[in-house]
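Reader: Before I use any of the labels attached to a model, I would like to see how each one follows from its value. Could we go through them one at a time?

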Amino acid sequence: MNRVTRRTLLAGAISLGVLAMAGPAMAEAIKLRFADSTTADAPRSQALVNIFAKELGADFAFEPYFGSSLYKQGTEIVAVQRGNLEMALMPPSDFAKQVPAFSILTAAYLVRDARHMKAIFDSDIGAEFKKLARDEMGVVILAPAYYGARHVNLKGDKKIMKPEDMAGIKLRMPGGEAWQFLGESIGANPVAMDYAEVYTGLQTGAIDAQDNPLPNDRLMKFYEVTNQIVLTGHNVGFGLLLINAKLFDSLTPDQQKKMQDAANAAFAWSDAEYVKQEAELVDFFKQQKLDVYTPDVDAFRAYANKKYLESPLSKDWPAGMVERINAL
């Protein structure tokens, strides 16, 4: 029969102590599956892989899925809410499907540029939208990511100088009421179509035009199947990096801070990269034999403002929010 001695008890205690100390180091990394509709070589994708994931450190395992390879465009938020996906980068229009107040952030000519976008989310306004997302959707917004100003890119040689010139043009827009109305607000006939299908849609004539920031036009090679870019600048494209709120709340304060800091660092780089590319790409598209020109932007702005103010969408906007955003 084995005897329990003081020596064996001490050895056992030491072993337990070593295991307890090793526990955190041996803990499995927290999986962060991330989905986005854009390509892996887009600046925002590169920022997430090369900066965000590395800044997170060993506590997390970031698993990105680009090009709608894991979830169809527009279904990502629900996947995060259900716990089938941990993170996504989604435009305000997708938030607006569940919380209509977000539709104000999709309005034509309201958000002016990358700096204005950041100012909005650094202000009390941003805090209010973040609270809405947490309270009503169960997601935490970490940071906004600038994509660039959206311009009309179309086939044919019809000159587009005012919104009336867009009449009858089948303009691809993402699905959802806010996106479709954005197309209407610049005079077009919007057609819902997934991002991955746009090139073929232009090629086959299913659509006449699409609107995206210039960096997206280059990445997706839309210039191969279109003839002109009209610099309407009708909307500033941006996404909101989100994470399931229950998951975020389960993290330690240090992990939460690390994640927030990593998101800020990643998008500081990608925002600047998008701005840089926008400045360079007009010449690129002209070299590709596209006609690139500026229409009567004031006419587009006036037309869009009237459409929004007369629409049911504006009834969902928080009182005084337009003025507060314009004041920043």
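Author: Let us begin with the classes of exposure: a residue is buried when its relative accessible area is under 20%, exposed when that area is over 50%, and partly exposed in between. The model is a predicted one, and every label below should be read with that in mind.

Reader: Why is Lys221 called partly exposed?

Author: The relative accessible area of Lys221 is 39%, and since a residue is exposed only over 50% and buried only under 20%, the value falls in the class between them. Lys221 is therefore partly exposed, and its place is the loop that runs between α9 (214-219) and β8.

Reader: What makes the phi of Lys221 worth a remark?

Author: Most residues other than glycine have a negative phi. For Lys221, which is not glycine, phi is near 60° and hence positive. Tyr109 is another such case, with a positive phi near 60°, and it sits in the loop between α4 (92-96) and α5 (114-122).

Reader: Is Tyr109 buried or exposed, and how do you know?

Author: Its relative accessible area comes to 13%, and because the cut-off for buried is under 20%, Tyr109 is classed as buried.

Reader: Why is Glu86 called buried?

Author: The relative accessible area of Glu86 is 11%, which lies under the 20% that the class requires, so the label follows. Glu86 belongs to the loop between α3 (76-82) and β3, and its side chain reaches the backbone nitrogen of Arg33 at 2.7 Å.

Reader: What makes that approach to Arg33 a polar contact?

Author: A polar contact needs a pair of N or O atoms within 3.5 Å, one able to donate a hydrogen and the other to accept it. The side chain of Glu86 comes to 2.7 Å from the backbone nitrogen of Arg33, so the distance satisfies that limit. Leaving out residues up to four places away in sequence, Glu86 also touches several others, including Lys31, Leu242 and Asn244.

Reader: How do you know that Asn244 is buried?

Author: Asn244 has 11% relative accessibility, so it counts as buried, and it lies in strand β8 (residues 228-244). Its side chain reaches the backbone oxygen of Val80 at 2.8 Å. Beyond neighbours within four places in sequence, its contacts are Val80, Gln81, Gly83, Glu86 and Gly138.

Reader: Why is Met90 called buried, and which residues does it contact?

Author: With 3% relative accessibility, Met90 is under the cut-off and therefore counts as buried. Met90 is in strand β3 (residues 87-90), and, neighbours within four places aside, it is in contact with Gly74, Glu76, Ile77, Phe95, Gly239, Leu240 and Leu242. The C-alpha atoms of Met90 and Phe238 are separated by 8.0 Å, although the two residues are 148 apart along the chain.

Reader: What share of the protein as a whole counts as buried?

Author: Of its 328 residues, 49% are counted as buried. The secondary structure comprises 13 helices and nine strands, and among contacts with a separation of 6 or more, 77% join residues 24 or more positions apart.

Reader: What pLDDT does the model have, and where is it below 50?

Author: The mean pLDDT is 93, with 92% of residues reaching 70 or more. Over residues 6-25, however, the pLDDT is below 50, and beyond near neighbours in sequence this stretch has one contact in the model. Where pLDDT is low, the predicted coordinates should not be read in detail.

Methods
Residues numbered from 1 in each chain as written. Predicted model: local features only at pLDDT ≥ 70, side-chain atom pairs only at ≥ 80, totals over all residues. Heavy atoms only, no water. Helix = DSSP H or I, 4+ residues; strand = E, 2+ residues; numbered from the N terminus. Buried < 20%, exposed > 50% of the residue type's maximum accessible area, 1.4 Å probe, protein only. Contact = heavy atoms within 4.5 Å. pLDDT = per-residue confidence, 0-100.
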